[in-house]
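Work through the exercises below with the sequence and the 3D view at hand. Each task is followed by a solution in steps.

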Amino acid sequence: MSEGAASSPSRPRISAVITTFNEETNVADCLESLLWCDEVVVVDSFSTDRTPEIVRTYEGVRFLQRQYMGSASQKNWAMDQTQFEWILIFDADERCTPELQAEITALLASRPQTDAYTIKRRVYFMDRVIRFSGWQHDRVVRLVRQGAGRYPNKRVHADMQTRGPALVLKNPMLHFMIQSFQQYLPRIVTYGYWGAAQGWKTGRRSGVTEVFGRPVWRFLRMYVFQFGFLDGMAGLVFCMLQAFGTYLKWAVLWEWRTNASRGRMPNLPAFDEDQSVWRWDDEFEAEKGRV
């Protein structure tokens, strides 16, 4: 991909995966931070902004498009399109820092026996680091050897499962989570809808405890018990946004269950029924059952 990648023949080769949808304000910076990898694969969900045009200006970056049926489905499918031993997964609003690049490069050059690694995320809210609210401990499995990790069959908020322990790297990635309300509020609504759909699919029900209790508890947990108040006004707004997302999820599920009792069924988002996308799950569950 880049001179940096080409000049590191001593380490195993690495494929970077980026998933996108209408990320014209983010995708270039994300790409620039990952051009040191030996391969970059962008899987786009048919963006209607300039995202495809921007990605196609990067020579050597593979640009693919696929219907979006959840982050887990999209990332599993994207991993299957890569060709190298190691896979590094990023969303378009995340950045790989030079320090993280150096750590990953040195790690892979050492031929590690561990097959998966967790990366801490430094979360930004309107260009300000969120130091508390529980997000100071935000971390995700994003570096994995081919075949050693897979996302479970969930429409939203799925964490990668791995065959062995996923050690934590020292250096964080940057996560520009909220840059404006205009950009973030539609995402909250969408995630609430998807979360309700996941609850519907698994038979969950929603009442007073869920619609009122869960959002209140999430706010108190983040703002009081996880010290979100120490982030000042930004912490207050941030914690209330997260509580609002929780409220939407359970309120939508309550509305669907109420209407279903009257014969009006919900219009659910598409779930990925292609078993090849989830095939690792079956193997993993069978393996756990034999232990």
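The exercises that follow deal with a predicted model and go from its strands to its aromatic rings and its loops.

**Exercise 1. Strand β1**

Task: Find which residues of β1 point one way and which the other, and decide whether they are buried or exposed.

Solution.
- Step 1. Locate strand β1 at residues 14-20.
- Step 2. Recall the general rule: in a regular strand, side chains alternate between the two faces of the sheet.
- Step 3. Sort the residues. I14, A16, I18 and T20 point one way, while S15, V17 and T19 point the other way.
- Step 4. Check the cover. Residues on both sides of β1 are buried. Seven of the seven residues of β1 are buried, so the strand is largely enclosed by the rest of the structure.

**Exercise 2. The partners of β1**

Task: Establish in which sense β1 pairs with β2 and over how many bridges, then do likewise for β1 and β4.

Solution.
- Step 1. Take β2 to begin with. β1 and β2 pair in the parallel sense over six bridges.
- Step 2. Find residues that mark this pairing. S15 has E39 as its bridge partner in β2, and A16 stands opposite V40 in β2.
- Step 3. Turn to β4, residues 86-91. This strand runs parallel to β1 and is joined to β1 by six bridges. V17 stands opposite I89 in β4.
- Step 4. Follow the connection from β1 to β2. Together with helix α2 (residues 27-32), the two strands make a right-handed β-α-β unit.

**Exercise 3. Strand β2 and helix α4**

Task: Describe how β2 is covered and how it pairs with β3, then count the buried residues of α4.

Solution.
- Step 1. β2 spans residues 39-44, and six of its six residues are buried.
- Step 2. Divide them by direction. E39, V41 and V43 point one way from β2; V40, V42 and D44 point the other way.
- Step 3. Look for the pairing with β3, residues 62-65. Four bridges join β2 to β3, and the two run parallel. The bridge partner of V43 in β3 is L64.
- Step 4. Move to helix α4, residues 71-80, where seven of 10 residues are buried. Among them are A72, S73, Q74 and K75.

**Exercise 4. Aromatic pairs**

Task: State how many aromatic pairs the structure holds, and classify the pair of W200 and W256.

Solution.
- Step 1. The structure holds 13 aromatic pairs.
- Step 2. One of these is formed by W200 and W256, with 6.4 Å centre to centre and 90° between the planes. Planes over 60 degrees apart count as edge-to-face, and the pair is edge-to-face.
- Step 3. Place the two residues. W200 lies in helix α6 (residues 181-201) and W256 in helix α8 (residues 232-260), so the pair ties together parts that are 56 residues apart in sequence.
- Step 4. Compare with W217 and F225. Their ring centres are 5.8 Å apart and their planes stand at 40°, so this pair is tilted.
- Step 5. Add the accessibility. W200 is buried at 15% relative accessible area, and W256 is buried at 6%. W217 is partly exposed at 46%, whereas F225 is exposed at 53%.

**Exercise 5. A nonpolar patch**

Task: Name the residues that make the nonpolar surface patch, and explain why V224 counts as partly exposed.

Solution.
- Step 1. The patch is made by V208, F212, V216, W217, L220, V224 and F225, and has an area of about 710 Å².
- Step 2. V224 is found in helix α7, residues 208-225.
- Step 3. V224 has 36% relative accessibility, and therefore counts as partly exposed.

**Exercise 6. Positive phi**

Task: Find where H157 lies and where F227 lies, and give the phi of each.

Solution.
- Step 1. Start from the general expectation that most residues other than glycine have a negative phi.
- Step 2. H157 has a positive phi of about 55° although it is not a glycine. H157 sits in the loop between β9 (149-150) and β10 (161-162), and is exposed at 57% relative accessibility.
- Step 3. F227 has a phi near 65°, also a positive value. F227 lies in the loop between α7 and α8 and is partly exposed at 43%.
- Step 4. Link back to the rings. F227 forms one aromatic cluster with F219, Y223 and F229.

Terms used
Residues numbered from 1 in each chain as written. Predicted model: local features only at pLDDT ≥ 70, side-chain atom pairs only at ≥ 80, totals over all residues. Heavy atoms only, no water. Buried < 20%, exposed > 50% of the residue type's maximum accessible area, 1.4 Å probe, protein only. Pairing = 2+ DSSP bridges. Right-handed = clockwise from strand over helix to strand, strands pointing away. Patch = residues over 30% accessible without salt bridge, like charges linked within 9 Å, V, L, I, M, F, W, Y side chains within 5 Å. Areas by Shrake-Rupley, 256 points an atom, 1.4 Å probe, with all protein chains shown as cover. Salt bridge = Lys/Arg side-chain N within 4 Å of Asp/Glu carboxyl O. Phe/Tyr/Trp six-rings, centres within 6.5 Å; stacked < 30°, edge-to-face > 60°.
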